[in-house]
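Q: Please take a close look at one part of this structure, the packing of a pair of helices, and then set it beside a few other local features.

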Amino acid sequence: MDSTATDHFDTSRFEASRNRLASLAYRLLGSAADAEDAVQDAFLHWQATDRQLIKVPEAWLTKVVTNLCLDRLRSAQARRERTVGAWLPEPLLDGDPMLGPADTFEQRESVSLAVLTLMERLAPLERAVYVLREAFSHSHAEIAEILEITESASQQHLHRARHRITAARPSGGEADPASARRIAEEFLDAASSGRTERLVALLTDDATAIADSNAAGPAKTLLRYDTPQRIAAIARAGFKPTPAKRRLAGGTPAIHYALVNGAPAILFVIGDQVIGAVTFDITGGKIATVRGIAAPTRLARLTATWRQHGPDTPLVTQS
């Protein structure tokens, strides 16, 4: 095989692993853009390495991507960007291959916005062990090889990560898809019609809402609301169409139902551009968390996936 054919063959081997590597990087970083950068850096490492010496390419690539992500999580820039109150995971539309494996509850949960947010509280090694074990079912022996730690250390990191996530995560398991959609649509209807009492009734007593503070660019801080009454008031104001909002948005948005990171969501769409997403965490038949995302940098990949899949009939076309 000549060098050109060899390069083509080796590139094909890398491309066969790209979606899996991107899914791993996304879970580790919570950002699609950063995950894509990490995978591209791994490709450069792959090209610069004597591939004949690599016995198991998938294992080698997993190790490279994991450690590239750890370098990012440990960097001073990442620590500044991910300070408490200034960071949200980047949402992904269901069907995006970056969401990766979703066969088990643990795999689906590991890519939820709730758990991606909770993983920010973990040390980088704890996060890596948690993702490799829960989402990709690696053994502790394999994780020890990837992270260059002992199997005992891997087990300890997993125990701490599971404990910290379980302690902070609302109980209730997965919501039934039909019920989740019904609750999201009821929230939309109550917010649009100004029915404050109905909005409050849809929320848990300890519900929280988090929103971008600046839709025109990367948010420096997040807006937080921590009582059902405050959330209801903000929802009423946010869902009420006004001429000023239409001028700011550049048109009148249609409102669509979607699944984002496995959770029910409402998307605001103008043309083929998603200008806002509201996602819901549901527990016990009520909404525990509302996230409002409008920063264009956080919606770029979601918009691209939206365009590929094609929209369904909107729930509402605002006037």
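A: The account below begins with a helix pair and then turns to a buried serine and a strand hairpin. The model is a predicted one.

Helix H10, residues 177-193, and helix H12, residues 228-239, have axes that come within 7 Å and cross at roughly 75 degrees. Because angles of 65 to 115 degrees count as roughly perpendicular, H10 is roughly perpendicular to H12. On the H10 side, the contact is made by Phe-187, Leu-188, Ala-191 and Ser-192, while H12 contributes Ala-235, Arg-236 and Phe-239. By character, the residues of this contact between H10 and H12 comprise 5 nonpolar, 1 polar and 1 charged.

A single side chain in another helix may be examined next. Ser-154 lies in helix H9, which covers residues 151-168. Ser-154 has 0% relative accessibility and therefore counts as buried. When neighbours within four places in sequence are set aside, the residues in contact with Ser-154 are Val-129, His-140, Ile-143 and Ile-149.

The strands offer a further view. Strand S3, residues 254-260, is mostly covered, with 6 of its 7 residues buried. S3 runs antiparallel to strand S4, residues 263-270, and 7 bridges join the two. Within this pairing, Ala-258 has Ala-265 of S4 as its bridge partner. The hairpin formed by S3 and S4 has 2 residues between the strands, and in this hairpin Asn-261 adopts a positive phi near 50 degrees.

Methods: Residues are numbered from 1 along each chain as its sequence is written. This is a predicted model: local features need pLDDT of at least 70, side-chain atom pairs count only at pLDDT 80 or more; totals for chains, interfaces and linings use all residues. Side-chain values use heavy atoms; hydrogens and water are left out. Axes are lines fitted to C-alpha atoms, for helices over the stretch in contact, and angles run from 0 to 180 degrees between N-to-C directions. Helices (H or I, at least four residues) and strands (E, at least two) are DSSP runs, numbered from the N terminus. Angles under 35 degrees count as roughly parallel, over 145 as roughly antiparallel, 65 to 115 as roughly perpendicular and the rest as oblique. Contact means heavy atoms within 4.5 Å. Ala, Val, Leu, Ile, Met, Phe, Trp, Tyr, Cys and Pro count as nonpolar, Asp, Glu, Lys and Arg as charged, and the others, Gly among them, as polar. Buried means under 20% relative accessible area, exposed over 50%, partly exposed in between (1.4 Å probe, protein chains only). Two strands pair if DSSP finds at least two bridges between them.
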